[in-house]
Amino acid sequence: MADFAQQRQRMVERQLAGRGISDARVLEAMGSIPREAFVAGGMHEFAYEDSPLPIEAGQTISQPYIVARMLQAAELHGSGSVLEIGAGSGYAAAVMAALAACVHAIERHAELADLARQRFDALGYRNIELRVGDGSGGWPEAAPFDAILAAAGGPVVPDVLRRQLAIGGRLVMPVGETPYRQRLVKVTRVAEDRYEQEELDEVRFVPLVGSYGWSEQDASSPPRLEPVAAHAPVDGGSLTQMIRAAIEPLPDPDDPAFGRMFDRYGDARVVLLGEASHGTSEFYRARAAITRRLIEAHGFTIVAVEGDWPDAAVLDRYVRGRLAAREEPIFQRFPTWMWRNRDVARFVDWLRGYNSDQPSGRQAGFYGLDLYSLDSSIRAVIDYLDKVDPEAAQVARHRYGCLMPWSKEPAQYGRMALSAGYALCEKAVVQMLRELLSRRMEYARADGEHFLDAAQNARLVSNAEAYYRAMYYGSAESWNLRDSHMFETLENLLVAQGPGAKAVVWAHNSHIGDARHTEMGQVREELNLGQLCRQRFGREVALVGFGTHTGTVAAADDWDEPMRVMDVNPSRPDSYERLFHDAGQPRGLLDLREGAHPALCERLAPGRLERFIGVIYRPDTERWSHYVECSLPRQFDGYAWFDRSHAVEPLGEEPRSGVAETWPFGL
C-alpha cells in the first residue's frame, strides 16, 4: 500500500522547496493536504508525481509546483479572503483553506463542483464556499478579496477581476495571446485606481472560458494542453526537417551493415546500449548486431546486462563452452521474457560460436549487473567456500542465516527492518564480504577461476541487503543503490580483465542515459549507470539510447501478472518520439556526439517528454506512468530510432510467482 504521507513530504522537499518555494506556510499546507483525495481512484498512485493529472469532466489538476508557485505569489494571510477561479477537483481550494480565513471558489463544470463539495465535506473543510458558474467575472457580491487566483488562462487580466481586489490585494493568473500558451502574471492593487503587474513564469493552462475570457469556439479549436511549468514547444516545423537531414538511415539489424554504422563508438572503453522498453524485439536485435560488431572489430570482451549475476553466470559458462547446453533453469522469475526470449537466445548462441574459435584470453563473457538474486547469490558464496575453505563456509552459513528467512521474498526483509528500526543483517553481510576480499590471494590459489564470481555474489548480497532496506525509505534512495551497484559491478569486471578491457552494456534508457539531464536527476535526485560512467570514464564512454513511435510490446499489466502483447500508443505530440516520427525515417541513427550536429542539438536541448516503458505498461495512464522530461542530446551520445516496433517472442516458460525482479521500478 502506498505511503502517501511519505510521498507528500518528498514532494514538498524536492518539487517545492527544492525549486525555490520558500513560504513556510505554503510548504506546511501542501505537506498536510492529501492530494490523493482529489484525484480519481485509478490515479491515486500518481498523486504526488511532478506533473498535472487528469480528473473528471476532461479537466486536469495542476502540477504541485504550479499550485505552490501561485500561492506563494498570492501572499495569503490567515485572516484574508480568497477567490479561486476554476476550482477543478478542489485541491487548490483545500490548500487555500489552510492559509486563509475564507475561500470562495467558482467552477463552471457542475460535475466537478459536486465532487469537490463531497471531498470538502468528507475532509472537514468548513471555510470554503463553492458555486457553479462563469468564473471570468469573479464573485462581485463577496468582494473585495485579499487575493484572487485563476487556474485558467485568459487573453488579458479582466478589469472586472482587478476591481474585486482589496487595496493591497494580489491577483495571480495566466494570460496569453492564444488560449493554450501563457505567462503567469501577478497584479497588485496599490491604490483605488492604480495597479502594478509583474510577470512570473511561462506556463500552459486550460483556457478561461466565459464572458471576460475566451469563447467556447476559441477554446476548443486547438488541442488542450495540461497546465505545467513550461516545456519545449510542441511544434517541430523546421526542427523535424533538421532531424530528417541529420538522421542516418539504418538497414535491418540482420544486415552486417547495421553494426558497421556504430563503428564511430568503437574507440570507447564502455558502450552502453539502451532500450525504450523491456519487451521490444527491434531493441534486442539492434543491440545484438552492434555488440557482435564491437566484439569482432573493436576488441570488446565484456557483455554486461541489466540482469542478475548468478543467472548470467550460467550463460557465461555456456558461451565459453563450459556447459554442453543452455539447460540450467535461469531467469525464472517475473519478468521472464526480459532475458528468456528468442532474440537473446540467438545472440547467446552466436557468442558461443564466436568464442569457440578464440583462445580463452580473447573470449567474450556474459555478465549480470543487477542485484535482485539474493537467494542465488547466498547459495553461490557458500558453495564456493565449501570448495576452498569449509571453515569459512560454516561462518557464512551462520552470518547469512540472518537473511535466509527472507531470501525468497527479500522485500519482506526491508519491511521488517523498517518496522524494527534498524538493519538486522547489515553487519553480518558486510563482514562476510570484507573477509572474503581480504583472503583474495589465498582463495585465488585454491580456485582463482571462480573467485570473481564468488566475490561478486558476496558484494551483491551486501548491496541487496541495503537496497531492500532503502526501498521502504523512498524510491530515490533504493534506485541510487541499485544503479551504484551496477556501476560498481561493471568497474570490477573491467579491473579484472585488465587496462585494455572494453565493455558493452545492455540496459534500459532510464539506466544508461545520463540522469543529470532528465527529470530523474533534476527533480527526483536519482543518479544512474550512464551518469556514473560519464563521471568515471569521460570521453571513453558512449551512451546510445533507443526509441519508437508505435507498434507492439511484451509487458504485463501489473507486478507478477502474465505477459501480454500490447499495442503501444502513438507517441505524444510534445515528445521527442513524435519529432522523430514526423521526420519520416522508419529506422535511423542520430549522432549526438559533441560537434556532430551542433545546431540541431541546440534546438533539441530544451526539455521534452521521452517515453520509458519497463516490464509494466499502462497505456491508459501513459503520460504519468511512462513519460519523463529529458534533454535528449545531453542524455545520450547517439539515438537509434525504430518508428514501428514489435514485441519480443518469449521462449515459452511460465514465470514463477513472487516479487518482480525489477520491483518497484519496472525498469
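Start with the whole chain on screen: of its contacts with a separation of 6 or more, 72% are between residues 24 or more positions apart. Bear in mind that this is a predicted model. Colour by secondary structure and you'll be looking at 26 helices and 21 strands. Switch to a burial colouring, and 59% of the 667 residues come up as buried. Turn on the surface too: the accessible area is about 25,800 Å², with 48% of that belonging to carbon and sulfur atoms.

Now select residues 342-356, which is helix α12. Fancy a quick sanity check? Put a distance between its end C-alpha atoms: they are 21 Å apart, which agrees with the 21 Å that 15 residues should span at 1.5 Å a residue.

Keep α12 selected and show side chains for its buried residues: Asp343, Val344, Ala345, Phe347, Val348, Leu351, Tyr354 and Asn355. What covers them? Among the elements doing so are α10 (281-298), β13 (302-308), α11, β14 (365-370) and β15 (503-506).

Next, pick one of those covers, α11, at residues 309-319. Two packed helices are described by the angle between their axes and the distance between the axes. Here the axes of α11 and α12 come within 8 Å and cross at roughly 40°, which makes α11 oblique to α12.

Zoom in on the contact itself. From α11, show Leu315, Tyr318 and Val319; from α12, show Val348, Asp349, Leu351, Arg352 and Asn355, which they meet. Colour this set by residue type and you get 5 nonpolar, 1 polar and 2 charged. Val348, Leu351 and Asn355 may look familiar, since they were in the buried selection on α12 as well.

Note on methods:
Residues are numbered from 1 along each chain as its sequence is written. This is a predicted model: local features need pLDDT of at least 70, side-chain atom pairs count only at pLDDT 80 or more; totals for chains, interfaces and linings use all residues. Side-chain values use heavy atoms; hydrogens and water are left out. Axes are lines fitted to C-alpha atoms, for helices over the stretch in contact, and angles run from 0 to 180 degrees between N-to-C directions. Helices (H or I, at least four residues) and strands (E, at least two) are DSSP runs, numbered from the N terminus. Angles under 35 degrees count as roughly parallel, over 145 as roughly antiparallel, 65 to 115 as roughly perpendicular and the rest as oblique. Contact means heavy atoms within 4.5 Å. Ala, Val, Leu, Ile, Met, Phe, Trp, Tyr, Cys and Pro count as nonpolar, Asp, Glu, Lys and Arg as charged, and the others, Gly among them, as polar. Buried means under 20% relative accessible area, exposed over 50%, partly exposed in between (1.4 Å probe, protein chains only). Accessible areas come from the Shrake-Rupley method with a 1.4 Å probe; for residues, only the protein chains shown count as cover. The expected span of a helix is 1.5 Å times one less than its number of residues.
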